[in-house]
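Visitor: Could you take a close look at the surface patches for me, and then at what is covered?

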Amino acid sequence: MDDTSADVSVGLGFSRAQQQLKSLASSPLASTSDEYQKQVQSVAKQLRQCIAQTQQLSLFSINETTDDYSTSELKLILAPAYLGDVLQKTTLPDERVSVLEQALENYQKFQTTCQDLGIIKHGHVQNAKHVQNAKLVDAGQTRMHKIERFKQQRAMEQETKELEERLMGDDDDLEEVEREFAIKLILLKVHQVQDDMHLVERELEMARQMADMKRSRNEHDDRVPSSEWRLDSHSYNVDLQTGQHARPLFNERGQPTRPFVLTNSRQTIKDQVFRPGWALPTMSVDEYLQQEQERGNIISGGGKEPEPKAEIDDNDYDALDAEVVKQREWDDFKDNNPRGAGNMGGNRG
């Protein structure tokens, strides 16, 4: 195939989209932030332009194989798959169903192109989808199948990484390495797209159910007036001038026409609406002590103070000897009865 100026612009646009995807994958921004979503929309716009230009040029045909295309042209096969990945990163709750449908459509377009060019066999996609949707009775078979697919994907990622490192180095056969890298990248993407499609289909099913529930709820709200489901709808009829209810409390037969509360203090009820959930103090500490004193619960004053112990005269030898004997007897008693001896169980039988 001959390269045209349009082909060159498509290749440059796809290269820019690849660089934007790498920066998006390593971005520290939150996926729900406005700046991140702005970058997502920019990448999606660039990829859509690449896909539109590729279709306008009718670049890929079912009558040709990968040998008929250059390496730069083979890379353009990845554009729909990349667009499907980017669309899943968008956070538009109201348009989630449409976004998932577009992502699934681009994944299918990528798989169809790979089948038409002979990169994968025509029955490969159907067999993989059948295995994913099959209800295997043996849980061990399901686990072994997942482990095998994981090992294959890890091996492909390692091969792709080694080829990319060779491209960054000084390899003599850069053209062959670049072409092999492009084909390996496509095969790895085929493997990843199969798992992504399974997840998108499941999320799309749930998103459609949520959209149907929301639509039916809105239709019901539009059909039924808001006042019909209120049990006390008439109680909201208030005269704007007086602030009182427009309807009387009882009708002519004595039947109540609106809800009411039996109370003798309307302000008390209002004050009890906004208050803490615990009991608040009703008086200060000084007021409480004053009240207790009036009740006679606080003793003031007191009896006679004990007389001070008389001091012993230094010339009264008999009194001094008696005081010394008393202190010695007290010391002997403490030696014979240590502190806590009565609680040690020594006198138990």
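Guide: Here is a walk from the surface patches to the covered helices. The model is predicted, so to speak of local features we need pLDDT of at least 70, side-chain atom pairs count only at pLDDT 80 or more, and totals for chains, interfaces and linings use all residues. Residues are numbered from 1 along each chain as its sequence is written, and side-chain values use heavy atoms, with hydrogens and water left out.

Let's start with charge. Asp313, Asp314, Asp316, Asp318 and Asp321 form a negative surface patch. Patch members have over 30% relative accessible area and no salt bridge (like charges joined within 9 Å, nonpolar side chains Val, Leu, Ile, Met, Phe, Trp, Tyr within 5 Å). A salt bridge here is a side-chain nitrogen of Lys or Arg within 4 Å of a carboxyl oxygen of Asp or Glu. Asp and Glu count as negative, Lys and Arg as positive, and His and the chain ends are not counted; a charge sits at NZ of Lys, CZ of Arg, CG of Asp or CD of Glu. Accessible areas come from the Shrake-Rupley method with a 1.4 Å probe, and for residues only the protein chains shown count as cover.

Asp313 sits in the loop between helix 10 (285-295) and helix 11 (317-336); helices are DSSP runs (H or I, at least four residues), numbered from the N terminus. Asp313 is partly exposed because its relative accessibility is 47%: buried means under 20%, exposed over 50%, partly exposed in between.

Now the nonpolar patch: Met283, Val285, Tyr288, Leu289 and Ile298 make about 450 Å² of it. Leu289 belongs to helix 10 and is partly exposed at 41%.

By contrast, helix 4 (residues 79-88) is mostly covered, with 9 of its 10 residues buried.

Definitions and conventions
Helix = DSSP H or I, 4+ residues; strand = E, 2+ residues; numbered from the N terminus. Buried < 20%, exposed > 50% of the residue type's maximum accessible area, 1.4 Å probe, protein only.
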